[in-house]
Amino acid sequence: MSDRRSKSSSRPNSAGQATRDAESGAPAPRDGSNPPSDPSPAEKNAARPPRRWLIAAAALGTLIAGGVFADYWSAEPVGAPRHYVGRNACIDCHREQTESFLGSDHDKAMDLATDETVLGDFNNVTFEHDGLVNRLFRDGKRFMVHTEGEDGTMQDFEVKYVFGVYPLQQYMVEFDRSDDMPECDVARLQVLRISWDSRDHRWFYLRPPDVADKLAADDPLHWTGIAQRWQTMCADCHSTNLKQNFDPASATYHTTFSEIDVSCEACHGPASLHVELANKKSLFWDRRHGYGLAKLKGADPEPQLQTCAPCHSRRGVMDPHFAAGPDYFDHYRLETLGEATYHGDGQIKDEVYVYGSFIQSKMYHKDIRCTDCHDPHSLKLKFPGNETCTNCHQHAAGKYDVPAHHHHAPDSEGAKCVNCHMPHTTYMDVDPRRDHSLRIPRPDLSVSLGTPNACSHCHVKDRLPQIATEHRDEFQSKEYSQWLLAAEQDGTAAIGTDGETVTELIRQTDQWCDDACEKWYGPTRKKPLHFAEALVPLRRGDPQAAKRAIEMLTLGDESVPAIAKATLLDELARQGSRAAPRVAAELADQSGQHPLVRSTAASVLAMASPSTGKSKLMKLLDDDSRLVRTSAARALLNSPAFGQLSPSERSQLEAVLNEVREEFMAASDRAGAHMGWAGICEQLGRYGEAIEAYQTAIRVEPKAVGARTNFAALLEQIAPGVPESERDALLRRVKTLRKQELPLLARDAALAPEIAGIQYRYGLLLYLDGQLDAALEQLKKAARLEPENQDFQTAVKLLNEKMDSPQ
């Protein structure tokens, strides 16, 4: 009964019909009897549903749910600012990671020179190289070096910073520091070539590759030269949040960093938002920003790989504002497999820093990432020895880590996975780096193509008994990479007891290794298709190689990695293949292709017909990838289509060229950056801007070649349009610039006697200076070095004709 029932009973009406309670609406009994009496208050309370509590509970639940949802839904705005806060903000919550990080190579990447950080012996010791007697000593708390300065005299220099820790430590001296410079700013730093071997505890002189003679004080490779400048060559990857802050007007640095070494935020990104979110009284992390850091642990390995890549790749900088995450190719231009840096099959040759190798590997295409093998904080391998590999390769018992697979004695060097699948090359004299392309040894390719292989890496020394006694000690101390270099540089020199050359001894080793593999593995031996089978013959001029290369460009990335495709396409263009523009147009249209491939395709489209070049390249100017956009802009500028652009299309091009300018200015302390931009301004007809850029190039790097020659050519070009009263002064400037360039180019021609292009440029400059006999000798030298180069041959012919004709 309702708790609203009236206390008075209903009565039957005169018609004998039941009535309803006025308030409750309950029917009266049909028989006219009295209705039941009302329940007592206790009974009413017992029978009443607890509605108020339900409503209250529901309201409270709704309030809580609303509050939780509001807590979840509230989020920092898109684009919330983030800044660097330093590792001390991380320690309290991340003690385990901090303990692993302390003492790591990242932690020791750079530091102030103190008793705790300096490893080298500065106890008044002498060290000699190239006839110089250097002294390393203490002056109170200061660490000092007495060595040759930039003016060629012996001077004392204070070591202000240490660089690295193992297997070598280097030392840096600060120059050009003004009295009013803020304490937190760093002026020009130069890295001494006198270095400390942390393994064998000795001083050694770190020579530039292939330079045996003493460096002149004005050589760019001298320790005071630009090639040994911290800001130019090293700083980005040894400090956190580095800002170069180079001023081209004064040619000075005011470099800053948030931390002196490679700290937490170098990999996780600026952490201010993370700290703010962690300190919030909230049940959730931010629905928009997650932890407020780069997401490095998801199913996609690319964010982690591309976070490591900037410092572990050979690349140019397009945009210096990279923060951790998957945007590598919007900030960096990765080098492809050039002949100077990689062997023809993609194995490491020069120092290429891992990433370009790893993206060739099967591991990469199976989504393996750096932290599958390396602890991300200590940087050490996660497991000792072969366990690093067998931890994942847990196949049938005894399949890999046994002699039946590797055919070497257990626990020998030949039984180590890395020696067969990741052979090393030593850089900086003491630093062995392993090839991360993680490949199956292919001595069969060595036999057919002359590429290296891991078997010969060890077994080439089996040929030592065949080397004449006077050469044996020299080759006993050489590692495999040095044998290969000796074959490349002087492969015709007889060093064997029977007159064999280094090239022949390596060939014999390759054949022996190939025969052994054939015997061991027989029909099960793996010889998958390899891009080297097209790339190496293509570089040798094989007429069939272009067809093979084009076929490989149609295969998936796991068969032919993107970096190899980009290299093949570039090589097709360099060899003048008429099919290259067509193939490039097809690849440029394929949005699923890697940015490396599409960027190279854009560059090759500069060779296309005006109609094809214009339609394809204009479309690529709007590409999502900055790498593709800027490559397309450069290509369009050099394409026959450039002259056909409408005003609106030209405006679209110049908008992307602003990104190209930013790429150049990322290296604003190099003359080449300003020369590159000057060349673009010339093509655009912006001569005033080009002149300013050439002048800046000369100011920031006065000992560099090229800027004066190009500047002189530009002035000579515009001279006819200059008022006659100013023309003579302008032409005198042209002559002066060329006179200033001559000794610089003579220096480079002497330092690089085997590089035909430099000899040719020197010959042309001698000709313009009126030194015809000297010019002819230089041009002939260039033609001898590259007899197939028609420009060199034509220059010799024309100059001979000029000198033979009567004046």
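Start by selecting Arg138 and Phe143: Arg138 lies over the face of the Phe143 ring, at 3.9 Å from the ring centre. Keep in mind as you go that this is a predicted model. Now widen the selection around Phe143 to bring in Phe122, Tyr171, Trp196 and Trp203, which together with Phe143 form one aromatic cluster.

For another charge over a ring, jump to Lys478 and Phe475. The charged end of Lys478 sits over the Phe475 ring, 5.5 Å from its centre.

**Aromatic pairs**

The structure holds 21 aromatic pairs. One of them is Trp285 with Tyr291, an edge-to-face pair with 4.9 Å between centres and 75° between the planes. Turn on the surface here: Trp285 counts as partly exposed because its relative accessibility is 36%, while Tyr291, at 53%, counts as exposed.

Next, select Tyr328 and Tyr355. This pair is tilted, with the ring centres 5.3 Å apart and 55° between the planes. Tyr328 lies in the loop between strand E13 (315–317) and strand E14 (332–334), and Tyr355 belongs to helix H9 (residues 355–358), so the pair ties together parts that are 27 residues apart in sequence. Are these two tyrosines buried or exposed? Tyr328 is buried, and Tyr355 is buried as well.

**A nonpolar patch**

Stay with the surface display and select Leu60, Leu63, Ile64, Val68, Phe69, Tyr72, Trp73, Leu283 and Phe284. These residues make a nonpolar surface patch of about 930 Å². Click on Val68 and you are in helix H2, which covers residues 51–73. Val68 counts as partly exposed, with a relative accessibility of 30%.

**Cysteines**

How many disulfides does a search of the whole structure find? The search finds 0. Select Cys267, which is in no disulfide: the nearest cysteine sulfur belongs to Cys308 and is 6.2 Å away. Cys267 is partly exposed, at 25% relative accessibility. Then move to Cys370, for which the nearest cysteine sulfur is again that of Cys308, here 3.8 Å away. Cys370 is not in a disulfide either, because the two sulfur atoms would have to lie within 2.5 Å. With a relative accessible area of 26%, Cys370 is partly exposed.

**Salt bridges**

Side chains of opposite charge can pair when their charged atoms come close. In this model the count comes to 52 salt bridges, and three make good stops.

- Select Glu174 and Arg177, whose closest N and O atoms are 3.0 Å apart in a salt bridge. Glu174 is buried, with a relative accessible area of 17%, whereas Arg177 is partly exposed at 31%.
- Go on to Lys527 and Glu518, a salt bridge with 3.6 Å between the closest N and O atoms. Lys527 is partly exposed at 43%, and Glu518 is partly exposed at 37%. Add Arg442, Asp444, Asp514 and Arg525 to the selection to see the network of salt bridges that links them with Glu518 and Lys527.
- Finish at Glu716 and Arg738, a salt bridge whose closest N and O atoms are 3.0 Å apart. Glu716 lies in helix H29 (residues 707–718) and Arg738 in helix H30 (residues 724–751), so this pair ties together parts that are 22 residues apart in sequence. Rotate the view to compare the two ends: Glu716 is partly exposed, at 39% relative accessibility, and Arg738 is buried, at 11%.

Notes:
Residues numbered from 1 in each chain as written. Predicted model: local features only at pLDDT ≥ 70, side-chain atom pairs only at ≥ 80, totals over all residues. Heavy atoms only, no water. Patch = residues over 30% accessible without salt bridge, like charges linked within 9 Å, V, L, I, M, F, W, Y side chains within 5 Å. Areas by Shrake-Rupley, 256 points an atom, 1.4 Å probe, with all protein chains shown as cover. Salt bridge = Lys/Arg side-chain N within 4 Å of Asp/Glu carboxyl O. Helix = DSSP H or I, 4+ residues; strand = E, 2+ residues; numbered from the N terminus. Buried < 20%, exposed > 50% of the residue type's maximum accessible area, 1.4 Å probe, protein only. Phe/Tyr/Trp six-rings, centres within 6.5 Å; stacked < 30°, edge-to-face > 60°. Lys NZ or Arg CZ within 6 Å of the ring centre and 35° of its normal.
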